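Please look over the structure shown below before reading on. The paragraphs that follow start with the pairing of strands and then turn to the helices and the ligand.

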Amino acid sequence: MGIHSTINLPESYTDLDQTLNSADLILSDAVANATTLFHTPVVSSINGKEVVSRVMVLREFNLAKKMMRFHTDYRAAKIKHFTENNNVSVIGYDPDLKIQIKLQGKIRVHYDDEVTESAWKESNGRSKKCYSIKDGSTKEILEPSEYDIKDFEVEDGYENFAVLIFNFDSLEFLYLKSSGHRRAIHRWGNDLKSTWLVP
Ligand SMILES: Cc1cc2nc3c(=O)[nH]c(=O)nc-3n(C[C@H](O)[C@H](O)[C@H](O)COP(=O)(O)O)c2cc1C
């Protein structure tokens, strides 16, 4: 399957387990594989009555824990959204795979705790750099070039670094195929319930 040769996905889906298994393979692979669009899913938050969406890099995926990890700047607008309303939707689509995966759940903001410390330690210098930008995101500015990253101490960025832990309680899988689309939803309550949906 071209650049996705590291993961082996079925050509067709006949049982529900296959859809969850493929979602697991795709999202686990996407953490390190920047060539799949699942590496950068869209994360939506709620701001009052508005939905706000943005692309974020997927840093960790763990199906057993029903968890995704994202990194962000503590000064970003989304921090306020997630703090006031922790309901979140995460969605991705990769045209090479012809698969869309949509997750619903709740997000928790971590700042200056064990979770942020360990995520910061495993981040590389290039990623750390983003957090040293003065004033943080969303401030209205006249001249963007004044905000280009120049000389600074990367480790200072830790004070602006936040980790978002997303715990999903549903995962929807949609596979587009001309012979027949396949759509399945997996919902976790006390236990997992899975069903096909009309695509
Ligand atoms: C390819 C790509 C990857 C991005 N990754 C992240 C990320 O991992 N974390 C993040 O906070 N913003 C990331 N962004 C920027 C966000 O999309 C967004 O513009 C920024 O976080 C401000 O969002 P907010 O105002 O809703 O808080 C990324 C943008 C692109 C295009």
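In this predicted model, Asp-73 stands opposite Phe-161 in strand 7, and the two residues offer a way into the sheet, where strand 4 and strand 7 pair in the antiparallel sense over 7 bridges. Strand 7 also runs antiparallel to strand 6, to which it is joined by 13 bridges; here Lys-102 stands opposite Glu-172 in strand 7. Glu-172 in turn stands opposite Ile-185 in strand 8, and 6 bridges join strand 7 to strand 8, again with the two strands running antiparallel. Strand 7 and strand 8 form a hairpin with 6 residues between them, and in its turn Gly-180 has a positive phi of about 155 degrees.

Strands 6, 7 and 8 return when one asks what lies over helix 1, since strand 3 (60-62), strand 6 (99-111), strand 7 (161-175) and strand 8 (182-188) are among the elements that cover its buried residues. Those buried residues are Thr-19, Ser-22, Ala-23, Ile-26, Leu-27 and Ala-30. They cover an arc of only 120 degrees around the axis, which means that they lie on the same side of helix 1. The spacing of such positions follows a general rule: an α-helix has 3.6 residues a turn, so residues three or four places apart point the same way. The length of helix 1 can be checked as well, because at 1.5 Å a residue its 15 residues (16-30) should span 21 Å, and this agrees with its end C-alpha atoms being 21 Å apart.

Helix 2 can be read in a similar manner. Its residues Lys-78, His-81 and Phe-82 are buried. They cover an arc of only 95 degrees around the axis, and therefore sit on the same side of helix 2. The buried residues of helix 2 pack against strand 1 (42-47), strand 2, strand 4, strand 6 and strand 7, whereas the face turned away from the buried side carries the exposed residues Thr-83 and Glu-84.

Which elements, then, supply the shell around the ligand with at least two residues each? Strand 2 (50-55), strand 4 (67-73) and helix 2 (77-84) do so, and strand 4 gives the most, with 4 residues. In total 15 residues surround the ligand, and the closest are Arg-54, Val-57, Thr-72, Ala-76 and Lys-78. Lys-78 thus belongs both to the buried residues of helix 2 and to the closest residues around the ligand. By character, the shell divides into 7 nonpolar, 5 polar and 3 charged residues.

Notes
Residues are numbered from 1 along each chain as its sequence is written. This is a predicted model: local features need pLDDT of at least 70, side-chain atom pairs count only at pLDDT 80 or more; totals for chains, interfaces and linings use all residues. A residue is near a molecule or strand if its C-beta atom, placed from the backbone, lies within 6 Å of it. Ala, Val, Leu, Ile, Met, Phe, Trp, Tyr, Cys and Pro count as nonpolar, Asp, Glu, Lys and Arg as charged, and the others, Gly among them, as polar. The expected span of a helix is 1.5 Å times one less than its number of residues. A residue is buried if 20 or more other C-beta atoms lie within 10 Å of its own, exposed if 12 or fewer, and partly exposed in between; C-beta atoms are placed from the backbone. The arc is that of the directions from the helix axis to the C-beta atoms. Two residues are in contact if their C-beta atoms, placed from the backbone, lie within 7 Å. Two strands pair if DSSP finds at least two bridges between them.
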